[in-house]
Amino acid sequence: MGNHILTELKLASLAGAGAYGLIPEGAIAIEGDEIVWAGARGDLPERYAGWAETRLGGRLVTPGLVDCHSHVVFGGNRAREFEMRLNGASYEEVARAGGGIVSTVRATREASEEALLADALGRVDALIAEGVTTLEIKSGYGLDQETELRMLRVARRIGELRPLTVVTTFLGAHAVPESHKNDPDNYIDTVCIPALRAAHGEGLVDAVDGFCEGIAFAPEQIARVFDVARELGLPVKLHAEQLSNLGGAQLAAHYGALSADHIEYLDQAGVDAMAGAGTVAVLLPGAFYTLRETQMPPVAALRRAGVPMALASDCNPGSSPLTSLLLTMNMGCTLFRMTPEEALAGVTREGAAALGLKDRGQIAAGQRADLAVWDVAEPAELAYRIGFNPLYKRIFGGQI
């Protein structure tokens, strides 16, 4: 659009003093894809006076939303499994019927790149329609080299086909495949790590993740993957303390991880380790809700320790078939007792931090011009409403 200014807006910058960094009568100057000035309309420098002006009618402007933890690329769905469980089937009965992650791995391996892309785009478009401008996408449903790379190629293509920044994460250490169920160490060494090296060689990986849990991988197995990530110069993050406490968050902090995610069973030692390492806590209320968990993440302890808290959809076919970051915000408040301001920061400023992105998540000079314009009177409405999308316009890289 060239150089232009946005006026007649409420500005929730997430960068300034006071709640939300709110400026009731704000303005934003955009040059190309970058914000060059943001503040009170009355303070707009004279040099921007001749720029094209877009008046927003008093609407609220926030940073574009960041979904920092998703698994949107996968084959098939688990609706039948969902139905079976609600009709009384046990976990074992579901597994014997071919359900669980095994069914998603099978469907993903059988799906072509085009089929995976077509399915994922529907989910991605739902997120974009709610103001998402940056999306993290993980692999992890292939559990073999060919399919892991196919998933990451699809993720890269999504970023080419949609006005959206896609950050890719290699999650080969997601689960132990049937072929290696009795030897997870062999899977890590002969499948996961070679697949990581191959994906990095193709330029498909921005970060590396793992699932540190009794049903997945032990800390020492994850550490071997993280050692390779460090060798390749890739940042790490970790699914940690979701179902039990194996010390995953402390392991993540030891490696300087960008984030530790889920963390329902996080203890004070893990909180302290994350605080010391600057590791972001990514809270995923969609999975907590779907699995009907009762162990809440230690939000108060994280808050006291100054650990940043991000929120994300965790969109996946099994435990969080969720494609609404607005509903995620509401769940963060209702289920985890976050404040509406923490929820908005969680899907903007802290979500960007969880991806290691310093050029977005706030409205300030030098930040990317990724913005969301909302038909609401105040920021708390974004977390307060349920099943209602008040997005008016989405601005990506300065383009409305």
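The following paragraphs lead through a predicted model, beginning with its sheet and ending with a group of annotated residues.

A good place to start is the open sheet, in which eight strands with parallel pairing follow one another in the order β5-β6-β7-β8-β9-β10-β11-β12. At its two edges stand β5, made of residues 65-67, and β12, made of residues 309-311, and each of these pairs on one side only. The sheet is not flat from strand to strand, since neighbouring strands are turned by 25° against each other on average when direction is ignored. Strands of a sheet in general pair through backbone hydrogen bonds, in either a parallel or an antiparallel manner.

One pairing can be followed in detail. Strand β7, residues 165-173, runs parallel to strand β8, residues 207-212, and three bridges join the two. Within this pairing, threonine 169 stands opposite alanine 207, which belongs to β8. Helix α5, residues 145-161, packs on the sheet and touches both β6 (132-138) and β7, with a direction that makes about 170° with that of β7. Helix α6, residues 184-201, also packs on the sheet, but it touches β7 and β8, and its direction makes about 160° with that of β7.

From helix α5 the path leads on to helix α3, which spans residues 101-110 and has Ser103, Thr104, Val105 and Thr108 as its buried residues. These buried residues pack against α1 (79-86), α4 (113-128) and α5. In an α-helix there are 3.6 residues a turn, so residues three or four places apart point the same way.

Two residues deserve attention for their backbone angles. Glutamate 241 has a phi near 55°, a positive value in a residue other than glycine, and lies in the loop between β9 (237-240) and α8 (248-254). With a relative accessible area of 1%, glutamate 241 is buried. Histidine 262, which is likewise not a glycine, has a positive phi of about 85°, yet this residue lies in a strand, namely β10, residues 259-262. Histidine 262 is counted as buried because its relative accessible area is 2%, and the limit for that class is under 20%.

The last stop is a set of residues named in a record: the unreviewed UniProt entry carries the annotation "binding site" for Tyr141, Asn316 and Gly318. Although these residues are spread over 178 residues of sequence, they cluster in space, with a largest C-alpha distance of 11.3 Å. From this set, Asn316 and Gly318 are part of the lining of the second largest pocket.

Tyrosine 141 is found in the loop between β6 and α5 and, at a relative accessible area of 4%, is buried. Once its neighbours within four places in sequence are left aside, the residues in contact with tyrosine 141 include Thr104, Val105 and Thr108, which are among the buried residues of helix α3. The contacts of tyrosine 141 also include Glu148 and Met151, as well as Asn316, another residue covered by the annotation.

Glycine 318, for its part, is found in the loop between β12 and α12 (325-336). Its relative accessibility is 16%, and it therefore counts as buried. Leaving aside neighbours within four places in sequence, glycine 318 is in contact with Arg78 and Thr290.

Notes:
Residues numbered from 1 in each chain as written. Predicted model: local features only at pLDDT ≥ 70, side-chain atom pairs only at ≥ 80, totals over all residues. Heavy atoms only, no water. Pairing = 2+ DSSP bridges. Helix = DSSP H or I, 4+ residues; strand = E, 2+ residues; numbered from the N terminus. Axes fitted to C-alpha atoms, helices over the stretch in contact; angles between N-to-C directions. Contact = heavy atoms within 4.5 Å. Buried < 20%, exposed > 50% of the residue type's maximum accessible area, 1.4 Å probe, protein only. UniProt positions renumbered as here; feature names shortened; annotations may be inferred. 1 Å grid on protein atoms, 1.4 Å probe; cavity = no way out; pocket = protein on both sides within 12 Å on 5 of 7 lines; lining within 4 Å.
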